[in-house]
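Work through the exercises below with the sequence and the model open. Each task is followed by a solution in steps.

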Amino acid sequence: MKNFSFHNPTRLHFGKGQIAQITAEIPPGARVLVVYGGGSIKRNGVYDQVIAALAGRTVVEFAGVPANPEFETLMQAVELGKEQGVDWVLGVGGGSVLDGSKFIAAALALDPGIDPWLIVGNKTPLKSALPIGCVLTLPATGSEANFTGVITRKETQDKLSFKNPAVFPRFSVLDPTVISTLPARQLGNGLVDAFVHTTEQYLTYPLEARVQDRLAEGILSTLVEIAPALLQDQTDYDAQANLMWAADQAMYGLVPLGQPLDWATHAIGHELTVLYGLDHAQTLAVTLPNLLAHTFDAKRAKLAQYGRRVWGLDGDDATVARAAIDATRRFFESAGLKTRLADYGIDAAEAAAGVEAQLTRHKRLALGEHGTLTPADCRAIVLASA
Ligand code: NZQ
Ligand code: ZN
């Protein structure tokens with residue numbers, strides 16, 4: 001196990017009715033920028049609960065954060081926040097809204113004269129951010145309890161992340177009943193994103209990090225167990241609660257401690273989203289099975305462990321490892337996600353060249369747990385995803 005330091009300051013309020021906790025978290029008299037997306041929160045009752053909990057605070061609303069939050073849109077929120085002198089940011093939505101809220105809170109505290117785009121990719125130091133609260137409506141990204149944001153700038157074809165402890169949410173509300181109104185496509189996306197966050201931090205090579213391995217296997221097994229129940233009945237509370245907690249824990253920060261980390265599937269996936277507009281999880285479903293095949297020898301031992309412990313497979317390492325990759329693809333498809341580029345009408349040769357060029361431009365030249373995956377390797381992985 002490698003050395004590590006760990007700190008996660010986000011207070012989590014989990015369960016039915018917990019949106020009311022906002023009242024205790026945000027001081028009376030605060031000026032709160034409430035950030036949300038395309039309006040799902042107005043249709044499912046979440047908005048009404050949030051506004052009720054904010055009684056006694058000044059509420060300034062910014063609606064319309066799109067999936068894969070756009071820098072230009074977020075800057076409109078920053079301007080509004082400045083005009084209105086807000087002192088809190090409350091994100092109410094999925095990963096896109098929460099990541100966007102982190103960016104807004106950081107941009108509002110940036111020294112004048114610094115270009116806010118420099119926040120993205122960590123190109124300027126962040127001394128502080130406005131305090132952030134989150135109400136999660138889509139379990140997937142773990143953004144509600146980490147210090148990462150992923151921001152897109154279409155005009156320059158960039159989808160890049162930033163990380164800074166200043167944007168850890170002060171608190172997050174995880175009410176699993178919000179899953180009831182998710183479109184089937186977004187439920188599938190959530191299952192797959194949470195699954196791949198876990199594999200990125202687990203399917204590498206053995207390093208005797210037994211607790212972290214079993215935590216990862218627990219998350220993966222839970223997702224496999226609850227997926228059929230949720231896909232059949234999205235209002236099953238036990239399944240909702242377990243998905244929400246599994247997705248949170250996948251990105252909470254315990255799974256990667258002391259472990260080698262991959263994250264190449266996400267690096268490729270972000271480029272596929274910026275080039276073709278695929279949903280984040282769709283890119284992962286397309287990429288991961290072929291990435292595992294491409295790096296088979298380096299990952300064989302861990303793939304075999306995964307196959308035995310998560311999928312209950314028997315046999316020699318190579319046989320179990322191959323069957324585990326097949327089981328992974330089947331799981332993604334059972335969640336309703338297609339796993340080949342052709343299924344999305346995308347030409348694999350063109351996408352492979354595009355991803356290679358984008359990774360090169362973004363200087364993502366040595367990916368994976370061994371730092372050996374070049375843009376040319378990623379091109380081969382995308383080509384195999386035809
Ligand atoms: O915009 P609204 O109306 O809210 O609708 C959203 C959106 O259309 C809808 N939705 C969310 N909750 C709902 C709901 N519809 C009905 N009922 C509900 N309860 O779902 C759609 C997608 O939402 P979005 O926030 O885009 O999805 P997701 O949570 O998958 O977030 C994806 C973004 O997060 C980034 C991705 O790259 C992508 O930009 N990620 C962030 C990470 C992080 N911060 O740590 C890590 C991830 O790997 C990922 O990169
Ligand atoms: Zn992800």
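**Exercise 1. Burial of a helix**

Task: establish whether helix α6 is mostly covered or mostly open, and compare its length with the expected span.

Solution. Begin with burial: 15 of the 17 residues of α6 are buried, so the helix is mostly covered. Here a residue is buried if 20 or more other C-beta atoms lie within 10 Å of its own, exposed if 12 or fewer, and partly exposed in between, with C-beta atoms placed from the backbone. Next, the length: α6 runs over residues 184-200, and its first and last C-alpha atoms are 24 Å apart, close to the 24 Å expected at 1.5 Å a residue. The expected span is 1.5 Å times one less than the number of residues. Helices (H or I, at least four residues) and strands (E, at least two) are DSSP runs, numbered from the N terminus.

The model is predicted: local features need pLDDT of at least 70 and side-chain atom pairs count only at pLDDT 80 or more, while totals for chains, interfaces and linings use all residues. Residues are numbered from 1 along each chain as its sequence is written, and chains are lettered from A and ligands numbered from 1 in the order in which they are written.

**Exercise 2. Two domains**

Task: state the domain bounds, and describe the contact between the domains.

Solution. The assignment, which is automatic or from a database, gives domain 1 (11-177) and domain 2 (185-383). Their centres, taken over C-alpha atoms, are separated by 27 Å. The contact takes 16 residues from domain 1 and 22 residues from domain 2; two residues are in contact if their C-beta atoms, placed from the backbone, lie within 7 Å. On the side of domain 1 that touches domain 2, six residues are nonpolar, seven polar and three charged. In this classification Ala, Val, Leu, Ile, Met, Phe, Trp, Tyr, Cys and Pro count as nonpolar, Asp, Glu, Lys and Arg as charged, and the others, Gly among them, as polar.

Now turn to the UniProt record. Its unreviewed entry lists "domain: Alcohol dehydrogenase iron-type/glycerol dehydrogenase GldA" for residues 9-176, and over this range the chain is 26% helix and 25% strand. The record also places "domain: Fe-containing alcohol dehydrogenase-like C-terminal" (unreviewed entry) at residues 191-370, where the chain is 68% helix and 0% strand. UniProt positions are given in the numbering used here, feature names are shortened, and annotations may be inferred rather than shown by experiment.

**Exercise 3. The shell around ligand 1**

Task: which elements supply the shell around ligand 1, and how do its residues divide by class?

Solution. Count the shell: 33 residues surround ligand 1, and the closest are Gly-37, Gly-38, Ser-40, Gly-94 and Gly-95. A residue is near a molecule or strand if its C-beta atom, placed from the backbone, lies within 6 Å of it. Then assign elements: α5 (95-108), β6 (148-153) and α6 each supply at least two residues, and the largest share, four residues, comes from α5. By class, the shell has nine nonpolar, 22 polar and two charged residues. Finally, domain 1 and domain 2 each give at least three residues to the shell.

**Exercise 4. Backbone angles in loops**

Task: which loops hold Glu-208 and Trp-263, and what is phi in each?

Solution. Most residues other than glycine have a negative phi. Glu-208, in the loop between α6 and α7 (210-232), has a positive phi near 55°. Glu-208 is exposed because it has 8 C-beta neighbours inside 10 Å. Trp-263, in the loop between α8 (237-250) and α9 (264-276), has a positive phi near 65°. With 17 such neighbours, Trp-263 counts as partly exposed.

**Exercise 5. Two helix residues**

Task: are Leu-74 and Arg-379 buried or exposed, and what does each contact beyond four places in sequence?

Solution. Leu-74 is in helix α4 (residues 71-84) and counts as buried because it has 27 C-beta neighbours inside 10 Å. Leaving aside neighbours within four places in sequence, Leu-74 is in contact with Pro-69, Gly-100, Phe-103 and Ile-104. Arg-379 belongs to helix α14 (residues 375-383) and, with 21 C-beta neighbours inside 10 Å, is also buried. Under that exclusion, Arg-379 is in contact with Ala-352, Ala-353, Val-355 and Glu-356.
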